[in-house]
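User: Could you take a close look at one part of this model with me? I would like to follow a single strand first and then see what surrounds the rest of the fold.

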Amino acid sequence: MLNSIMRADVCIMMKKILALMLSVSMIAGLAACGSKETEAPATDAPATEAPAETGGDDAEADAPAAPSAEGGKHVFMFKSTGNKFGDLMYEGYSEYMNALGYETEYDSPAETTVAAQVQMLDELITQGVASIVISTNGDTGYDEIFQKAKDAGIPIVSIDSEASVDYRLAHINQAEVQDIGSYLVQAAVLITLGVDYPEDKTMEEVVAEQLGSYSGDEIVLGVLSAGIDTPVQNSWIAAMETELAKDMYKGKVSPNLDKKYGNDDPVESTTQANAFVAEAKVDCIISPTTVGIAAAGQVLKQANSEIKLTGLGLPSEMQSFMPNAAEDDAFASVCPYMMLWDVIHLGAVAGAAIDAALTNGWAGADGETFTMAAFRDYAEEDYTVYTQGDGTFVLAGTPYIFYKGNMAEWISKL
Ligand code: RAM
């Protein structure tokens with residue numbers, strides 16, 4: 001600690017002093033409210049399905065005209081505005097960063113496109129920003145702008161939807177991609193079969209039991225996704241297809257997902273959900289986007305449709321389409337259960353990564369560790385970078401299942 005302060009320049013030292021003062025007052029504030037227990041949300045995830053084991057400088061810019069990573073704001077860019085999922089990630093990120101004395105800014109374009117993000121990034125980098133956390137709208141099209149950021153010494157960390165490995169320090173992964181894809185398929189199959197969320201067994205075990213004795217028509221699943229090019233949704237869809245290739249589904253559940261794209265826009269998502277109702281081909285829609293699942297919930301409820309729904313949703317936005325109490329009949333609602341993760345915590349982990357990059361030279365390399373300080377109800381935690389494919393990642397959490405047994409508790413939080 002002392003060494004790192006002595007190595008850092010005056011600006012960093014001031015920042016750390018302010019950070020210390022703020023975190024002391026934050027801790028004092030928490031203490032005054034009474035001590036809080038650390039949440040143990042993983043209890044709502046299938047118990048045996050633990051996440052897989054995983055293993056920037058802010059240098060002064062010499063040329064005055066060049067964009068500088070020094071002194072500017074810390075930018076958090078989501079895919080587009082008007083999405084509560086992005087707002088909650090920023091809430092966690094900004095609260096964590098502000099407590100350390102950093103000034104943060106939430107900048108997202110109105111349209112969920114690569115071009116809109118690139119234009120906004122260009123303006124921000126020219127103005128001079130100190131760091132960027134981004135959830136991207138596509139795999140390609142960012143090279144030039146990310147190079148500009150890199151040349152200016154601006155560290156980039158991606159969150160939710162990956163940025164190119166050539167430019168990001170690391171990607172903050174919400175939960176294992178394959179876990180999310182598998183759970184979504186398993187939930188959709190169980191919901192189609194009228195089986196409530198199994199609290200005492202894994203969904204996979206129950207799917208195997210149920211399909212073992214199933215002799216009805218082949219079950220058909222639909223997907224209402226975000227954009228056709230959105231990296232994160234496409235990775236989950238690929239994981240759903242991997243799950244469907246397992247033997248237990250053969251001849252019982254179609255390996256072909258009926259995919260539609262609502263572009264994370266409520267109106268377009270509603271149109272696509274209506275198309276599922278009109279075509280009447282699928283038994284259950286999986287919507288791996290909070291915007292899509294809420295739109296589909298509304299459409300299916302209004303149409304009194306037989307099509308059921310699951311996916312990734314925010315409890316606050318899904319409360320009218322889900323059971324809210326343990327005594328409710330889950331199948332009286334269009335969405336008996338669904339998943340997500342702790343979005344606020346996810347944002348805070350990105351903040352801790354940026355802080356590590358700026359203060360300790362954390363570069364997102366395999367095996368490197370950083371610490372997220374205690375924050376809200378979350379205990380201090382270390383995160384270690386791991387490699388998957390050609391990129392490095394930090395695993396922030398596990399998927400949670402939201403169902404009648406815990407909805408009431410989560411509606412006010414997420
Ligand atoms: C939407 C966005 C986001 C996704 C969540 C689950 O809000 O598309 O990228 O991760 O849903």
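User: Which residues of β14 lie on one side and which on the other, and are they buried or exposed?

Analyst: Happy to walk through it, keeping in mind that this is a predicted model. Strand β14 covers residues 391–395, and 5 of its 5 residues are buried. On one side sit G391, F393 and L395, while T392 and V394 point to the other, so both faces of the strand are covered. That split follows a general pattern: in a regular strand, side chains alternate between the two faces of the sheet.

Now for the partners of β14. Strand β5, residues 171–173, runs parallel to β14 and is joined to it by 3 bridges. Within that pairing, I172 has V394 as its bridge partner. Strand β13, residues 386–388, is also joined to β14 by 3 bridges, but this pair runs antiparallel. Here Q388 stands opposite G391. The link from β13 to β14 is a hairpin with 2 residues between the strands, and G389 in that turn has a positive phi of about 60°. As a general point, strands of a sheet pair through backbone hydrogen bonds, in either a parallel or an antiparallel way.

Next, the charged contacts. The model has 14 salt bridges in total. In one of them, D264 meets K79, with the closest N and O atoms 3.5 Å apart. D264 belongs to the loop between β7 (258–261) and α9 (266–279), and K79 to the loop between β1 (73–77) and α3 (84–99), so this pair ties together parts that are 185 residues apart in sequence. Both D264 and K79 are buried.

Another salt bridge joins E91 and R376, whose closest N and O atoms are 2.8 Å apart. E91 is in helix α3 and R376 in the loop between β11 (369–372) and β12 (381–384), so parts 285 residues apart in sequence are tied together. E91 has 32% relative accessibility and therefore counts as partly exposed. R376, at 30%, also counts as partly exposed.

A further salt bridge connects E241 with K259, the closest N and O atoms being 2.9 Å apart. E241 lies in helix α8 (residues 231–244) and K259 in strand β7, 18 residues apart. E241 counts as partly exposed because its relative accessibility is 31%, and K259 counts as partly exposed because its value is 33%. Salt bridges with shared partners also join E91, E95 and R376 into one network.

K259 brings us to the sheet that holds β7. This open sheet has 4 strands in the order β7-β6-β8-β9, with parallel pairing. Its edge strands are β7 and β9 (308–311), each pairing on one side only. On average, neighbouring strands are turned by 25° against each other, direction ignored. Strand β8 (residues 284–287) is joined to β9 by 4 bridges in a parallel pairing, and I285 stands opposite L309 in β9.

Helices complete this part of the picture. Helix α6 (residues 177–192) packs on the sheet, touching β6 (221–225), β8 and β9, and its direction makes about 160° with that of β9. Helix α9 packs on the sheet as well, touching β6, β7 and β8, with its direction at about 150° to that of β7.

Key: Residues are numbered from 1 along each chain as its sequence is written. This is a predicted model: local features need pLDDT of at least 70, side-chain atom pairs count only at pLDDT 80 or more; totals for chains, interfaces and linings use all residues. Side-chain values use heavy atoms; hydrogens and water are left out. Buried means under 20% relative accessible area, exposed over 50%, partly exposed in between (1.4 Å probe, protein chains only). Two strands pair if DSSP finds at least two bridges between them. A salt bridge is a side-chain nitrogen of Lys or Arg within 4 Å of a carboxyl oxygen of Asp or Glu. Axes are lines fitted to C-alpha atoms, for helices over the stretch in contact, and angles run from 0 to 180 degrees between N-to-C directions. Contact means heavy atoms within 4.5 Å.
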